[in-house]
Amino acid sequence: MMFENNMAMYSRYLTELTLAFHIIFATIGVGVPLMIALAHWIGLRKKDPHFLLLARRWSRGFVITVAVGVVTGTAIGLQLSLLWPNFMELAGQVIALPLFMETFAFFFEAIFLGIYLYTWNRFKNPYYHFGLLIPVIIGSSMSAVFITIVNAFMNAPQGFELKNGVITNIQPLVAMFNPATPTKVAHVLSSAYMTSAFVLASIAAFHLLKGSKHVYHKKAFHLTMIAALIFSVTTALVGDLSGKYLGKYQPEKLAAAEWHFETDDKAPLVLFGVLNEEQEVKNALKIPYALSILVGAKPSAEVIGLNEYPEDERPPLYVHYLFDLMVTIGIFLAGLAFLYAALIQWKQKFAYNKWFLRLSVISGGLALIAIEIGWIFAEVGRQPWILRGYMKTIEGATTSAHVDILLAAFGFLYAALGAGSIIILRKMFKTNTAEAELKELGL
Amino acid sequence: MSLELLGITVLWIFLFGYVIVASIDFGAGFFSMYSDISGRKDMIHTIIQRYLSPVWEITNVFLVFFFVGIVGFFPKTAFYYGTALLIPGSISIILLAIRGSYYAFGTYGMKNNRILTFLYGMTGVFIPASLSTVLIISEGGFISVKGKHVKLHLLELLTSPFAWSVVLLAIVSVLFISASFLTWYSSKANDYKAGALLRKYTLAWSLPSVLSALVVVLSMKTHNPEHFENMIQYSWMLILSILFFFIAVFFFYRKKHYGAAFLSVVLQYALAFFAYGTSHYPYLLYPYLTVQAGFTNETMAKSLVIVFILGLLLLVPSFLLVLKLFVFDKNYIQGK
């Protein structure tokens, strides 16, 4: 039993490692095509070569991230069966459909991305070429939708009956459209769009901060910051709905995130703080009634506490910090994008102020950190379950040995891929700057 | 046709698709590296790049499609193969990851980097070897099952003549299929220098491909007599396969009809692949798992089939578009 615990633990570490690495590229993979399409569309409509070059340069960098996203996506796809064979054998009977759909969406995206990249200037009508981006966006966003549906199913499984280890009465569509699906899908999509916008904004801000006054970078900064504002507001709204979902269907996850132990109405929202030995919250910022309002839209709404659950079915309490950090970063980023919109409207020169640009440079990195933290919160907050209420994580893991060696091997692999992408991307854009390319085009 | 038979047939067709497109890709990497080492890089490098650049990502998806499909239709394979293949499967993932990303790095970022060319070439040989372990294990004899525990006997696998004969066949076939496709592709590009060199590679790897296949069949006789006996019943397919092999070699030798020659190579492998697959039926894993016992429930199977048909309606036209733009477009191939 000890041995199996160890292997389950290493299986978790390896899955965490793969996903922590993959999620960066997956997020960019979902959001950046939309940003490329925006730039490409504006460029065509306004006959603005700056925006067209922007689309072209973004798509060049995007290929590198797609490549790493594809191979790490293949890795996690196979690791699901290699590390969690017992889980896949059980869950596969109910939730194989969206997994299967995901490969189609991904196939669709891969085909049209290949065509888009290699057909600049090949069509007489440039809108045909732009049109190739639409299946890319549909494919990448639908990939995210289908994979998130599988994750939603792990949080709120339904559409089957389990008796003595045998699954019966299977309804694949009911399983797909479980209560967690709408908010999870919306949250993953909007946060991916938001993060990609901030990552691209960081790049533009970096060039402006380094002293380039070229209108190309200003246009890039403007487009990305305005997109970031729209998607941050969307993400905040969806976040509110996610809170309501948790309160209703997964109260233990919300209770752990909020250190809310006793079932209570008029529940406050607890921000940060520490727990003492008697599990009392100290030094936290409490916003009265806020948790009740988040869950039930009124100050007197009842919020179920963690003590309602047996001890071995409670998520670890450190998820509180993950939750708070994710929300804090989200609010900060939304504020930053809002400030940009206000400055550009009323005090233009302050939008290129050094300090504002410095904050903008780190916005992409912060957004990625929020993605990582938010995802860890979503997964750890479901523990001890891999399939909530049906299968515990430890029961789903592989029974074979050597997962620890593989953990090291994959660690090296991801280090090599990460370093490789950074080196290549830097080299690509340093040797061939936007300014040089514009000059070549006679602009 | 029963649903489980339909499911495994569709998956087997897709796996064959992967075998062909991936072989072209893997072999191209190897030839690219080999020509670099032997100082003839300029001759075939352009041809290989022009074909591979738009399609490398699609190749990978064939593989993903196959393994997601098989776990969907036959969830028990996740339990048996998932547990047993932890090590060989992970090795394949790592090699595929290195290959895919370093290909992109080399093509879009650091052109003509020797380390990247080397990695790209060597993984082209090691990936087919590591992936072929799945088929080797499926013949039984390398894993034992006790209740919920599946154990892979790695030492027996590594010392088995049968296993090594399959590995040899995989590598040789990759090089033969790839060289024959690229010969055709360069003839369409009117690149006669590259064509002549690739034609030599094709002929060089032709006989080894058939010989290694014979070795596999013979060593299967001792390793898995039951499967061997079944396969003999489909010997007409194997004979046809060899016939197409001779047609292909004849055309390549006489320097004509390269299109038909490559098609014959595809048919040669298709017949052998389906003779092997059909005689493997009903076992997914000798002797533990059959297609019937491993099958998912009927509701899921039906929805998977519906999604599959809808998916094909979407993908086949898109795929034809790729072929039209990059494989059958003379101007593109000739670099105009």
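Here is a walk through the structure above, starting with chain A, moving to one of its residues, and ending where chain A meets chain B. Please keep in mind as you look around that this is a predicted model.

Let us begin with chain A as a whole. Its fold contains 15 helices and 8 strands. If you lay the C-alpha trace of chain A along its principal axes, the trace spans about 70 × 45 × 40 Å. How does the radius of gyration of chain A fit with a compact globule? A compact globule of 443 residues would have a radius of gyration near 22 Å, and chain A has 23 Å, so the two agree. Burial can be read for the whole chain too: 57% of the 443 residues of chain A count as buried. The contacts tell you how the sequence is brought together. Taking contacts in chain A between residues at least 6 apart in sequence, 78% join residues at least 24 apart.

Now let us zoom in on a single residue, L113(A). You will find L113(A) in helix 3 of chain A, which covers residues 85-117. Is L113(A) buried or exposed? L113(A) counts as buried because its relative accessibility is 4%, and the cut-off for buried is under 20%. Leaving aside residues up to four places away in sequence, L113(A) touches F62(A), V66(A) and V136(A), and also E57(B) from the other chain. For a sense of distance within chain A, try L162(A): it lies 49 residues from L113(A) along the chain, and the C-alpha atoms of the two are separated by 42 Å.

The contact with E57(B) leads us to the interface itself. Here, 64 residues of chain B are in contact with 63 residues of chain A. The size of an interface is often given as the accessible area lost when the parts come together. For chain B and chain A, the buried area is about 5700 Å², with 80% of it on carbon and sulfur atoms. Which elements of chain B give two or more residues to the side that touches chain A? They are helix 2 (41-73), helix 3 (75-84), helix 4 (86-109) and helix 12 (298-327) of chain B. Helix 4 of chain B gives the most, with 17 residues. Sorted by class, the side of chain B that touches chain A has 41 nonpolar, 19 polar and 4 charged residues.

Finally, consider the specific pairings across this interface. The rule finds 0 salt bridges between chain B and chain A, while the count of residue pairs in polar contact, both at pLDDT 80 or more, is 3.

Note on methods. Residues numbered from 1 in each chain as written. Chains lettered and ligands numbered in written order. Predicted model: local features only at pLDDT ≥ 70, side-chain atom pairs only at ≥ 80, totals over all residues. Heavy atoms only, no water. Contact = heavy atoms within 4.5 Å. Buried area = accessible area lost by both parts, 1.4 Å probe. Salt bridge = Lys/Arg side-chain N within 4 Å of Asp/Glu carboxyl O. Polar contact = N/O pair within 3.5 Å; in protein donor to acceptor, adjacent residues only side chain to side chain. Helix = DSSP H or I, 4+ residues; strand = E, 2+ residues; numbered from the N terminus. Nonpolar A, V, L, I, M, F, W, Y, C, P; charged D, E, K, R; others polar. Rg over C-alpha atoms; globule rule 2.2 N^0.38 Å. Buried < 20%, exposed > 50% of the residue type's maximum accessible area, 1.4 Å probe, protein only.
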